[in-house]
Amino acid sequence: MKKSVFLGTLAATTLFAGMALAQGTSTLDTVKARGELNCGVNTGLVGFAAPDANGNWQGFDVALCKAVAAAIFGDASKVVYIPTTSADRFEQLTSGKIDFLIRNTTWTFSRDTDLKMDFVGVNYYDGQGFMVRKDLGVSSAKELNGATICIQTGTTTELNLADYFKANNLTYTAVPVETNAEGEQQYLAGACDAYTTDASGLAATRAAFADPDNHIILPEIISKEPLGPAVRHGDSAWGDVIRWTMNALIAAEEFGITSANIDELATSSQNPEVQRLLGSSTDNLGAMLGLDAGWAKNAIKASGNYGEIFAATIGESTPIGLARGLNAQWTQGGLLYTPPFR
Amino acid sequence: MAVVTEDPKAGFRLGMLIYDTRYRSITIQIVVLFLFMAGAAWLIDNLIRNLEALGRGIDFGFLWNRAGYDINQTLVEYTNDSTHARAMLVGLLNTLLIAFLGCIAATVLGVIAGVLRLSKNWVVGRLMTVYVEIFRNIPLLLWILMIYTIFTEALPAPNAFRGENPAASMALFDTVAFTNRYTAIPWLVFDNSLGWLQLGPIWLNLDLTVIIVALVGGFLINRAILKRATRIQEATGIRPTTWWQSLIALFGPIILVKFVLGTHFDYPSLQGFNFTGGLQVSNSLVALWLALTLYTAAFIAEIVRGGINAISRGQTEAAFALGLRPGRTMSLIILPQAMRVIIPPLISQYLNLTKNSSLAIAVGYMDLRGTLGGITLNQTGRGLEAMLLLMLIYLLISLTISGAMNVYNQSVKLKER
């Protein structure tokens, strides 16, 4: 009897938990009460989100998780990394299993509207490209007529590929693969002539090859892939926390705030915007977000500003070797442009 | 004063529903049924409410939107401009194709392996035991992946067929190319193709229809000829010569069709990145088919062995006493009786094979799970709707197979009079 009552209560609690979520309790309060941030990341893409040799998650996306945790708790280690596949990522978010999604996810119209997600910004401007073997003698994607192409299913790349080949009146055969690792294996075995995914992903994949020099990434970028973090639709207060934490990292680079000089600048800087950002002015921006005054300072201290994170995880000195390109500050000809902290 | 006793059978009181043993069991069943339905309704209502609260009500409208993706194996007309419903149909046909091929091959292989396992020849018997034990004790997914990986890694890429001294060459007089992507084989093409006939949403390939009609028609005519011969034999004792009539009936129509349609073979040749011409049978199809066949046949072999063992030894001895050789004994006496034991578990193996074919996604074979439950689901984000549809379709396929096999079972089962 006791047992069945217990089970009944458990079942009822689970169902009501789902309801409570739907009724819109603030995610920030939930996260604070839990004491940990559930961050939905890639299952493993070197440079963006992958566990290192010691099992610690590292990467460009992971750094944002750390920054958000630091902004909320003042401690960058209070993150639970939940690996999500391209197929289950949206369900993980809408079901509340993760607090926000940062998984090389392209911001598209239908995902923002129909799938009921809110993208809060772009942390990496990407585009879809092709990788081929050098000895294939192909120098442009337009020469890929009749080729067999490996592609990860369940991504926007599938539709881009179909559109691009249709627009250029070319034909192809798709070899659908489930994971990046499988695509890599098929491509290396010659089961496909070309491998297509986001150019950053291609660079990351190529970096892991035994002979990266024998493979080239074709110059054509066939799509716009703004990758960014997403929260549940209507969860705007929580979305603000993610958006402005990310903007703080970008603004920090613009103002020259680095993890090395941040403590010094917090006390000595005469720039009012820097003072507001780092919580040393009387305007308490943190309180407006529901966070401490030192939120942005903690976030930047977690792994440095945007530029530092980029250089350490996917930049030109890493095996991934990505140039800043579109992801440079607007003052450097890139697209990074954060609204003012005021 | 006389006491009038009421007739107990006359009235019906509400209390009798509980206290009368005639009604009690029905009452309990109805109450349980209502409670169960209320519980189910509560769960479904809860789900729908929660989805609506999230702004994601159940809506199947996405099926009529443009799919936008390409599928590498299509049995019917499909382009990326087709609808998601069309993509679902393509996937469904691919599922049915692999299930059909798999069931036939698994039955043939399973019966052979099951009979051979009982062989008096020690080596043959043990070999079959090894086969059965290896295949049924390793997960199917591993077999699929292994066979696919062997194809991918061991066979040459189409590029290897290129040049003056190619690293690989085509087999069977330069007509068949085994590559690590597909097997390119010659294929029939029709000079005077009849094209397609559209019947509502269904497109009918007229060439294929004509061929099937010719084959089935020839077979039916042949059966009528043989029946007539048997009738004459039973009446007169003399069987008329029918072999030339049979030959004409079986092959006449199909030869006629060949001349009318004007068929010739189209041979594959290397053009650009890939082979063109002929038919390309993708490795994912072959790997999946092989793995499903070998795996399910191991189970069918055990079912066949059990069925044969269930027939009493006396039947064999009686057949031997009549002078039948072992092979004839098996095919005429033992197997027909064993069928009664074999059919019911065989049905579940067919159902298993069909459902297991949904592992196709592991090798990129675009079956129903790959199109509707894979790309469509991911592109539209309609997870619940797609999964409900998938479950419904697999249920319908399984029930159809099961129903057809039960009809067959009725016809072979022991008829008690």
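Which strands of chain A does helix α6 lie across? I began my notes with this, keeping in mind that the model is predicted.

**Entry 1, the helix.** I looked up helix α6 of chain A, residues 156-167, and found that this helix lies across β8, β9, β10 and β11 of chain A. I also noted its direction, which is at about 155° to β9(A), a strand spanning residues 147-152.

**Entry 2, the sheet.** I then followed the strands themselves and saw that five of them form an open sheet in chain A, in the order β10-β9-β11-β8-β12, with mixed pairing. At the edges I found β10 (172-177) and β12 (215-217) of chain A, each of which pairs on one side only. I wrote down that neighbouring strands of this sheet are turned by 30° against each other on average, if direction is ignored. As a reminder to myself, strands of a sheet pair through backbone hydrogen bonds, either parallel or antiparallel.

**Entry 3, one pair of strands.** I picked out β8 (residues 128-133) and β11 (residues 194-198) of chain A, which run antiparallel and are joined by five bridges. When I looked for the partner of Val132(A) in β11(A), I found Ala194(A).

**Entry 4, the contact between chains.** I turned to where chain A and chain B meet, and noted that 35 residues from chain A and 31 residues from chain B take part in the contact. On the side of chain B that touches chain A, I listed α2 (21-53), α5 (140-154) and α12 (368-380) of chain B as the elements that give two or more residues. Of these, α12(B) gives the most, with five residues. I also sorted the residues on this side of chain B by character, and they divide into eight nonpolar, 19 polar and four charged.

Note on methods
Residues numbered from 1 in each chain as written. Chains lettered and ligands numbered in written order. Predicted model: local features only at pLDDT ≥ 70, side-chain atom pairs only at ≥ 80, totals over all residues. Pairing = 2+ DSSP bridges. Axes fitted to C-alpha atoms, helices over the stretch in contact; angles between N-to-C directions. Contact = placed C-beta atoms within 7 Å. Nonpolar A, V, L, I, M, F, W, Y, C, P; charged D, E, K, R; others polar.
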